[in-house]
Amino acid sequence: MSAFRSSIPHRHVLAPLLVVAVIGVLLTGCAPGAVAARAGADGETLGRIDFPATGSREAHERFLEGVLYLHNFEYDEAAQAFAAARQLDPGFVLAYWGEAMTHSHPIWMQQDREAAMEVLEALASTAEERLARAATPRERHWLRAVETLYGNTPESEGQSKQERDRLYRDEMARLHEAYPEDREAAAFYALSILGTAHEGRDFRTYMRAAAVAEGVWTVNDQHPGAAHYLIHSYDDPVHAPLGLPMARAYSKIAPAAAHAQHMTSHIFVALGLWDDVAAANEVATDVENASRAEQGRRESLCGHYPFWLEYGYLQLGRLGDAAAVMNRCHRRMGDEPGEGDVFHFNVMRARYAIDAEDWSTHERWPAGDEHADVNGHFTDAYAAARRGEVEAARAHLAEIGVPEDARRPGAEEAVAILRGEIEGLLEIAGGQLDRGLELLRRASDREGTLPYAFGPPEIVKPSAELLAEELARAGRDQEAADAFRAQLERTPRRTASLLGLARVLGRLGDDRGASEVYTDLAEIWRDAEPGLPGLEEARSKAAAGATASAGEP
């Protein structure tokens, strides 16, 4: 996404009165006093699940609503639904479990133990007393899992969050093994596995989670958690094709959840399906802002969804639409922006400058000293270098450092890559071509060791792409082609790399290869604005290639 992801989670609140799951209740052979329910009748808006629980029918309906919100990462709404359930039935033990779970956000590696403990202690003051209130062994197992998560068992007490995450995963594994037909146990077990990827994406962990979630999806393809967690599991260019069925389905499973609408675009970005990226985030933005209006909150202008929307527009060559998103975000900078607004403004400005090759963004959308961050300083340094203003670029380079509050793994490495890119460009500008290319190659090698990051490129100017462009300028076309291909492995169908690759393939005499790339680019840009750099070139080369192919025997 960028050198530094926002510490503000992309939580998108939905008004409970605006979207409520329609819930039908089916009695089954459960323990006395227990109700097994299916959430999701005609008109459902959040998905369909089965989650038996002991409590009143009315409270159980709100409980199911909370679980649905929980699977969709709509944590505020989930908390409200669970709180309503325990107000209706103070003895509804799993409602306390659910509300406590809303204070743990595994994918974002966030947890508010203090808030969770307030909920649990409302049930009883100690873990032993709380466990004793569970009506069935199964419900006791669910409660033991959340006690483990928050450090209230002998094994987890005093442990770090990372260690508690692992102990919680193991407890969920035991729950899943004890109740293999419990689809909720399987879904939350899959999520608990994802929550142990503390060092970033690693395929082994994510495929373990996928194997569990696939079992839920096979039985219930309307389960929001199964779709959601599989998208997270397959959220990289290598595995994204496996997640495409879930991405196509998830927006329809939970149309009322803004996060569900957006999550589909994780797979679309990883596959370079830019029309789908834009469409998904248009809907997500609309759903989120409709709910904000319902709640009397101001609209999101610089958030997670507008950022991804802007990137989709830029790849499609819809620069006017991308600029409109940027204009709205810049307006927020003068209206008491929050921390997340400032982060997204800087990364969105970086995206526009680099992907539209517009080196005047410092004038169009000035950041201001009070709003500058790593991405902001990098953008100004990069744009100054491209304008030939070497001293200005050096001044901005000096400001690129690791923020004191950067907690994301790899933050220092990301800053080193960004600095290396600017240093390489400055060496080239000073006539030291070989030295500059070496610095860019080192930056590219370093980025290549980073785990795959979901979404728009983690490094705002992808380093292999930058190296390839400078190699091409130096006439080293075969090396450039190799670097462009390496970039496209990490960022499939990224248009700047496609255009660069097509050009060097043409100069290398690979007319067929160049034509194929130009054809793909022309398809992506079929609705691009006239005057987009490279547009007419791509269209004419694609047409010429099609004519040549038609004439072949």
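Leu70, Tyr75, Met101, Ser104, Pro106, Phe188 and Leu191 line the second largest cavity of this structure, which is a predicted model. Let us start inside, with the enclosed spaces, and then visit a few helices and loops.

**Two cavities**

Searching the whole structure turns up 2 cavities of 30 Å³ or more. The second largest cavity holds about 40 Å³ of space, and its lining is made of 6 nonpolar residues and 1 polar residue, with no charged ones. The largest cavity holds about 60 Å³. Around the largest cavity sit Ser104, Pro106, Met109, Leu149, Lys161, Asp165, Tyr168, Leu191, Ser192 and Gly195. Two elements, α7 (161–178) and α8 (183–194), each give two or more residues to that lining. The largest share, 3 residues, comes from α7. Ser104, Pro106 and Leu191 appear in the linings of both cavities.

Here are the two spaces side by side:

| Cavity | Volume | Nonpolar | Polar | Charged |
|---|---|---|---|---|
| Largest cavity | about 60 Å³ | 5 residues | 3 residues | 2 residues |
| Second largest cavity | about 40 Å³ | 6 residues | 1 residue | no residues |

**Helix α8, beside the cavities**

How many of the 12 residues of α8 are buried? The count is 11, so this helix is mostly covered. Its buried residues include Glu184, Phe188, Tyr189, Leu191, Ser192 and Leu194, along with four alanines, Ala185, Ala186, Ala187 and Ala190. Among these buried residues, Leu191 and Ser192 also belong to the lining of the largest cavity, while Phe188 and Leu191 belong to that of the second largest. The length of α8 is as one would expect: at 1.5 Å a residue, its 12 residues should span 16 Å, and its end C-alpha atoms are 17 Å apart, which agrees.

**Helix α21, with one buried face**

Helix α21 covers residues 433–449, and its 17 residues should span 24 Å at 1.5 Å a residue. The end C-alpha atoms of α21 are 25 Å apart, in agreement with that figure. Which residues of α21 are buried? They are Gly436, Leu437, Leu439, Leu440, Ala443, Ser444 and Glu447. Looking down the axis of α21, these buried residues fall within an arc of 160°, so they line one face of the helix. The spacing fits a general rule: an α-helix has 3.6 residues a turn, so residues three or four places apart point the same way. The cover over the buried residues of α21 includes α20 (411–429), α22 (463–473) and α23 (477–490). On the face turned away from the buried side, α21 carries the exposed residues Asp434 and Thr449.

**Asn289, a buried polar residue**

Helix α13 (residues 274–295) contains Asn289. Is Asn289 buried or exposed? Its relative accessible area is 15%, and buried means under 20%, so Asn289 counts as buried. Leaving out residues up to four places away in sequence, Asn289 touches Glu299 and Ser300.

**Two glutamates with positive phi**

Two loop residues deserve a look at their backbone. Glu336 has a phi near 50°, a positive value in a residue other than glycine. Glu336 is found in the loop between α15 (319–333) and α16 (339–355), and its relative accessibility of 69% makes it exposed. Glu357 likewise has a positive phi, near 50°, and is not a glycine. Glu357 is found in the loop between α16 and α17 (361–364).

How values were computed
Residues are numbered from 1 along each chain as its sequence is written. This is a predicted model: local features need pLDDT of at least 70, side-chain atom pairs count only at pLDDT 80 or more; totals for chains, interfaces and linings use all residues. Side-chain values use heavy atoms; hydrogens and water are left out. The expected span of a helix is 1.5 Å times one less than its number of residues. Buried means under 20% relative accessible area, exposed over 50%, partly exposed in between (1.4 Å probe, protein chains only). The arc is that of the directions from the helix axis to the C-beta atoms. Contact means heavy atoms within 4.5 Å. On a 1 Å grid over the protein atoms alone, a cavity is a set of points where a 1.4 Å probe fits but cannot get out, and a pocket is an open set with protein on both sides within 12 Å along at least five of seven lines; lining residues have an atom within 4 Å of a point. Grid points are joined across faces, edges and corners, and a volume is the space filled by probe spheres set on the points. Ala, Val, Leu, Ile, Met, Phe, Trp, Tyr, Cys and Pro count as nonpolar, Asp, Glu, Lys and Arg as charged, and the others, Gly among them, as polar.
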